[in-house]
Amino acid sequence: TCALPISNGIKDVGDTLLPGWRIRLSGSVNDSLFTTTNGTFQFTGIRAGTYTLREALQNGWVQSYPTPVPPGTFTITITSGSVITDKYFGNFQLGKVTGVIFNDINGNSQQDNNEPRISNWKLYLISATRTDSIFTNNNGAFTFDNVYPGDYTVREELQSEWIKTFPISNIYEVTLKSGDIITGNTFCNFKLGKIFGTKFNDVNGNGNKDLGET
């Protein structure tokens, strides 16, 4: 069994082999074993018959080969002298995308001391096939959990009277591989200010707004 960094269901160069995974063989004889330190497994002494070969999934992992998943299996027929060598299982580990949003009080596009984070701010994680959304927690942080390997865009939803100061593009482009935790997605926002005042006709020219002067 092997870990597929980009989850394409194919054993590519660089995909790592996984030790300690249970593989089950069921049929006229039922057996199970664990993959070796180099991720391989071998059932020997098998009598004639039709068998099902499957793996036991582990928490936080998803099977990408064989399909359909989950759980993909192989059906194998053993006859006299059969040697089956082309069976493997592909798995990828779910990842995370994290970040923070803060109030850029002085508008300098960076988080300075005592500048607070912003809670309840909406963010999106966008791929070619789906869009997920969450809100920042009470500490202004966000985490997209159980993310499949692939290419994503992280984007915030601007609120009325706010402007972004960082990043200028308002997005992060991230690529997750198996088990990645992507951090550092920081958004800086500045709330626009307001100035109120009046203009009046200073009838007596004394520099004060007197009663009746409009």
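In which sense do strands E5 and E7 pair, parallel or antiparallel, and over how many bridges? In this predicted model, E5 and strand E7, which covers residues 74-78, pair in the antiparallel sense over five bridges. One residue pair illustrates the arrangement: Thr-50 has Thr-77 in E7 as its bridge partner. E5 also pairs with strand E3. Four bridges join E3, residues 22-26, to E5, residues 49-55, and these two strands run antiparallel. Here Leu-25 has Leu-53 in E5 as its bridge partner. E5 is thus a strand with pairings to both E3 and E7.

These pairings belong to a protein that has 16 strands and zero helices. Its radius of gyration is 30 Å, whereas the globule rule gives 17 Å for 214 residues; the value is well over that figure, so the protein is more spread out than a compact globule. The dimensions of the model can also be described along its principal axes, where the C-alpha atoms fill a box of roughly 115 × 25 × 25 Å. Of the 214 residues, 34% count as buried. The protein exposes about 13000 Å², and carbon and sulfur atoms supply 49% of this area. Among contacts between residues at least 6 apart in sequence, 55% join residues at least 24 apart. As for charge, the protein has 17 positive and 19 negative charges, and their mean positions are 10 Å apart.

A further set of pairings involves strand E16, residues 181-191. Strand E9, residues 95-103, runs parallel to E16, and seven bridges join the two. Within this pairing, Lys-96 stands opposite Ile-181 in E16. Strand E14, residues 162-166, pairs with E16 in the antiparallel sense, over four bridges. In that case Lys-164 stands opposite Asn-189 in E16. E16 therefore offers both senses of pairing to the reader who follows it through the model: parallel with E9 and antiparallel with E14.Thr-98 gives a closer view of this region. This residue lies in strand E9. With a relative accessible area of 16%, Thr-98 is buried, because the limit for that class is under 20%. Leaving out residues up to four places away in sequence, Thr-98 touches Phe-142, Thr-143, Ile-182, Thr-183, Gly-184 and Asn-185. Ile-182 also appears in another relation, this time to Asp-210. These two residues are 28 residues apart in sequence, and their C-alpha atoms are 63 Å apart in space. Asp-210 is placed in the segment after E16, and its relative accessible area of 24% makes it partly exposed.

The loops between strands hold several further points of interest. Ser-127 is placed in the loop between strand E10 (122-126) and strand E11 (131-135). Its relative accessibility is 18%, so Ser-127 counts as buried. Apart from neighbours within four places in sequence, Ser-127 is in contact with Asp-151 and Tyr-152.

Some details of the backbone also deserve attention. Most residues other than glycine have a negative phi, and most peptide bonds are trans. Against this background, two cis peptide bonds may be considered in turn. The peptide bond from Tyr-65 to Pro-66 is cis, with omega near 0°. Pro-66 is found in the loop between strand E6 (61-65) and E7, and E7 is the strand that pairs with E5. Phe-166 and Pro-167 are also joined by a cis peptide bond, with omega about -10°. Pro-167 is found in the loop between E14 and strand E15 (171-176).

The loop between E14 and E15 also contains Asn-170. Although not a glycine, Asn-170 has a positive phi of about 70°. Its relative accessibility is 10%, so Asn-170 counts as buried. A positive phi of about 70° is likewise found at Ser-109, which is not a glycine. Ser-109 is in the loop between E9 and E10. At 30% relative accessibility, Ser-109 counts as partly exposed.

Technical notes:
Residues are numbered from 1 along each chain as its sequence is written. This is a predicted model: local features need pLDDT of at least 70, side-chain atom pairs count only at pLDDT 80 or more; totals for chains, interfaces and linings use all residues. Side-chain values use heavy atoms; hydrogens and water are left out. The radius of gyration is taken over C-alpha atoms; the globule rule is 2.2 Å times the number of residues to the power 0.38. Buried means under 20% relative accessible area, exposed over 50%, partly exposed in between (1.4 Å probe, protein chains only). Contact means heavy atoms within 4.5 Å. Accessible areas come from the Shrake-Rupley method with a 1.4 Å probe; for residues, only the protein chains shown count as cover. Lys and Arg count as positive and Asp and Glu as negative; His and the chain ends are not counted. The place of a charge is taken as NZ of Lys, CZ of Arg, CG of Asp or CD of Glu. Two strands pair if DSSP finds at least two bridges between them.
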